[in-house]
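Hi everyone, thanks for coming along. I'd like to walk you through one model today, so let's put it up on the screen.

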Amino acid sequence: MNEIQNSSSSSFKSVDDKANKNNTNISLEMTTVAIDKNVEENDDFGQVVQYEENKELKSLSTAELKENKAIVLSILIPFSIIGALIRIGLNTLHSYPGSPVFSLIYPQFVGCVIMGFCLARKGFIMESYLPLYIGLTTGLCGNLFYRFLIVAILAALADIGITLGMSITGLKIGEHIADIIIRNRKTHSVLHIVEEPFKLNELIIPDFISIGIGVVSIVLVVTLSSTVQVNRSVLFAVVFAPIGALTRWYLSKYNAMKKSFPWGTFAANMSGSVIIGILFLLSNGIASSNISCEIIKGLIDGFCGCLTTISTFATEINITLPRKHAYRYAFISILMGQIAMILTIGIYHWIVGLTTTCPA
């Protein structure tokens, strides 16, 4: 009798265990569904690809990095000038008849390599000296983004495909170079940037160096552009380059408005495209004097070249944004860029026609 009772108890216990196990499985499945639903709901905020990572970030401490606008402004000046000179130099070297690809692909590629390097060691560079990271990514890596793709649709698609492909490749190569040169170290804190007012007594030696180089750079290029009579378009470009870089850095603050769509980068590229279109129109039918042509070319190469960016754009669609939002953002940006070119150049070209008045 006891054996029967024990057997019955074991059977009921086994059934209860199975039921509890099934309930546990159901609970786990419901939890999994809830997590997946939570990820889907947070998709508009760009958290899909960072969900697992964010769970680890919660356990990390927060380290504050102070951002001084005066220091950032100072360091953006020399880096934007260097970036403009690299872009103009590489563009000039490859501007010859029969070149296999358009010449701007080379400065775009170089900018993306540098950007990939900086992103791969972002924490290391920012902890070492925050303005240096801003100078490298915002000042140096700014490359001319939109070209005048209004002649043939297939040619435009080919150029866009080559640009994006080479840009993403450049990001990966920069990451690989960083892995070879600087050993990656696991961070134990989350970096948080806070703005601080300018206080002379709190500046460190690198800050004084940044201010000194920035002041010397702007004085030098302004003096040369007003006195030297050769290659004045290049000199005008390096004068206007810091203004473009500073404008893009200011607009980047608006990227936080909606994490699934970087409005700051979008505004920089769209406004740069419109300005390029207007300047191109002026140089092909309106401008006539040498000085006006040199200023126009300086604005395109300097101001617009540093205002627009392919390196940041490639980073956003390849790394920062979730896949769905990345495709949407890329499609809207490219489409609106082409519409801007058509409205500023295409309609006038098709109705009136363009007459080249400024040398290329």
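D301 counts as buried, at 14% relative accessibility, where buried means under 20% relative accessible area, exposed means over 50%, and partly exposed is in between, using a 1.4 Å probe and protein chains only. Its partner is K297: the two side chains meet in a salt bridge at 2.9 Å, N to O. By salt bridge I mean a side-chain nitrogen of Lys or Arg within 4 Å of a carboxyl oxygen of Asp or Glu. Both K297 and D301 sit in helix α11, residues 290-307, four residues apart, or about one turn of the helix. K297 has 32% relative accessibility and so counts as partly exposed.

A quick word on the ground rules. This is a predicted model, so local features need pLDDT of at least 70 and side-chain atom pairs count only at pLDDT 80 or more, while totals for chains, interfaces and linings use all residues. Residues are numbered from 1 along each chain as its sequence is written, and side-chain values use heavy atoms, with hydrogens and water left out.

Now the overall picture. The secondary structure comes to 13 helices and two strands; helices (H or I, at least four residues) and strands (E, at least two) are DSSP runs numbered from the N terminus. Of the 360 residues in the chain, 40% are buried. If you take the contacts with a separation of 6 or more, 82% of them are between residues 24 or more positions apart, a contact being heavy atoms within 4.5 Å. The chain exposes about 20100 Å², and carbon and sulfur atoms supply 65% of that; the areas come from the Shrake-Rupley method with a 1.4 Å probe, and for residues only the protein chains shown count as cover.

Back to salt bridges. How many does the structure hold? There are six, and I'll show you two others besides the one in α11. K69 and E195 meet at 3.7 Å, N to O. This pair links distant parts of the chain, with K69 in helix α3 and E195 in strand β2 (residues 189-196), 126 residues apart. K69 is partly exposed, because its relative accessibility is 46%.

The other is D179 with R121, at 2.8 Å, N to O. D179 is in helix α7 (residues 153-181) and R121 is in the loop between α4 (105-120) and α5 (122-128), so to speak two distant parts of the chain, 58 residues apart. Which of the two partners is buried? R121 is, with a relative accessible area of 5%, whereas D179 is partly exposed at 44%.

Let's stay on α7 for a moment. I173 is found in this helix and counts as partly exposed at 33% relative accessibility. Leaving aside its neighbours within four places in sequence, I173 is in contact with F109 and V113. The C-alpha atoms of I173 and G116 are 7.1 Å apart, although 57 residues separate them along the chain. K172 is in α7 too, and is partly exposed with a relative accessible area of 38%. From K172 to C112 the C-alpha distance is 8.7 Å, with their positions 60 residues apart in sequence.

Next, a helix pair. The axes of α3 (residues 69-93) and α6 (residues 130-140) come within 8 Å and cross at roughly 40°. Axes here are lines fitted to C-alpha atoms, for helices over the stretch in contact, and angles run from 0 to 180 degrees between N-to-C directions. The crossing is right-handed, meaning that the near helix is turned clockwise from the far one by less than a right angle. Residues making the contact include I71, I75 and F79 of α3, and L132, G135 and L136 of α6.

For those of you who like checking backbone torsions, have a look at N231. It has a positive phi of about 50° although it is not a glycine. N231 lies in the loop between α8 (205-227) and α9 (232-251), and at 59% relative accessibility N231 counts as exposed.

Last stop: the surface. A nonpolar patch there has about 1100 Å² of accessible area together, and among its members are F331, M336, I342, W350 and V352. Patches are made of residues with over 30% relative accessible area and no salt bridge, joining like charges within 9 Å and nonpolar side chains (Val, Leu, Ile, Met, Phe, Trp, Tyr) within 5 Å. I342 is in helix α13, residues 323-351, and is partly exposed, with a relative accessible area of 33%.

That's my tour, and I'm happy to rotate the view for anyone who wants another look.
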